Amino acid sequence: MKVIVLFDGLCNLCNSTVQFIIRHDPSGRFGFASQQSEIGQKLLAQHNISTAQALADSVVVLEGDKVWLESDAVFHILYRLGGIWSIPAVLWFLPKRLRDWAYRRVAKHRYRIFGKREHCMVPTPELKQRFLDV
């Protein structure tokens, strides 16, 4: 079962996160779709997540019928990457309110801090199979 990462395709931070996951996931356990894409919108609707909520959260992680948002999404990605990347997942023990507060601060200002693209990322031919909407 793939872990699906729905990301804000216009956000430079989100696109960098996708690139990070790809580099550290050679077995291809993760799949990706931009939230702005048709399949991204369909998956959000299937999980009763509004587009506004998803874009505010910037990254939504789906695995089977489970959904991870905000800091839980980040920690689930790190946990699933395994190895050294699962070490920061020990911070999952911090109060969710505190973790999500920090996550929301970054998410709210991500365009101003990291910039915004005009168009969603287009994967290279080698990476096309990792993206659900290509």
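Colleague: In which helix does Glu70 lie?

Modeller: This is a predicted model, and the position of Glu70 can be read from its number. One of the helices covers residues 70-81, and Glu70 belongs to that stretch. The helix is α4.

Colleague: Is Glu70 buried or exposed?

Modeller: Buried means under 20% relative accessible area. Glu70 has a relative accessible area of 12%. Because that value falls under the cut-off, Glu70 is buried.

Colleague: What is the phi of Glu70?

Modeller: Most residues other than glycine have a negative phi. Glu70 is not a glycine, yet its phi is positive. The value is about 50°.

Colleague: Where does Asn48 lie?

Modeller: Asn48 also has a positive phi, of about 55°, although it is not a glycine. Its place in the chain is a loop. That loop runs between α2 (38-46) and α3 (51-57).

Colleague: Is Asn48 buried or exposed?

Modeller: A residue counts as exposed over 50% relative accessible area. Asn48 has a relative accessible area of 71%. Because this is over the cut-off, Asn48 is exposed.

Colleague: What is the order of the strands in the open sheet?

Modeller: The open sheet has 4 strands, and their pairing is mixed. Strands of a sheet pair through backbone hydrogen bonds, either parallel or antiparallel. The order is β2-β1-β3-β4.

Colleague: Which strands stand at the edges?

Modeller: An edge strand here has a single partner strand, so one side of it is left without a neighbour in the sheet. From one strand to the next, the twist averages 20°. The strands at the edges are β2 (30-34) and β4 (66-68).

Colleague: How many bridges join β1 to β2?

Modeller: β1 and β2 run parallel. Leu6 has Ala33 in β2 as its bridge partner. The number of bridges joining β1 to β2 is 5.

Colleague: How far apart in space are Asp8 and Ser34, C-alpha to C-alpha?

Modeller: Asp8 is found in the loop between β1 (3-7) and α1 (12-23). In sequence, Asp8 and Ser34 are 26 residues apart. In space, C-alpha to C-alpha, the distance is 5.7 Å.

Colleague: What is the relative accessible area of Asp8, and which side chains does a polar contact join to that of Asp8?

Modeller: Asp8 is buried, with a relative accessible area of 0%. A polar contact of 2.7 Å links its side chain to that of Gln36. Another polar contact, of 2.9 Å, links the side chain of Asp8 to that of Arg110. The value is therefore 0%, and the side chains include those of Gln36 and Arg110.

Conventions: Residues numbered from 1 in each chain as written. Predicted model: local features only at pLDDT ≥ 70, side-chain atom pairs only at ≥ 80, totals over all residues. Heavy atoms only, no water. Helix = DSSP H or I, 4+ residues; strand = E, 2+ residues; numbered from the N terminus. Buried < 20%, exposed > 50% of the residue type's maximum accessible area, 1.4 Å probe, protein only. Polar contact = N/O pair within 3.5 Å; in protein donor to acceptor, adjacent residues only side chain to side chain. Pairing = 2+ DSSP bridges. Axes fitted to C-alpha atoms, helices over the stretch in contact; angles between N-to-C directions.
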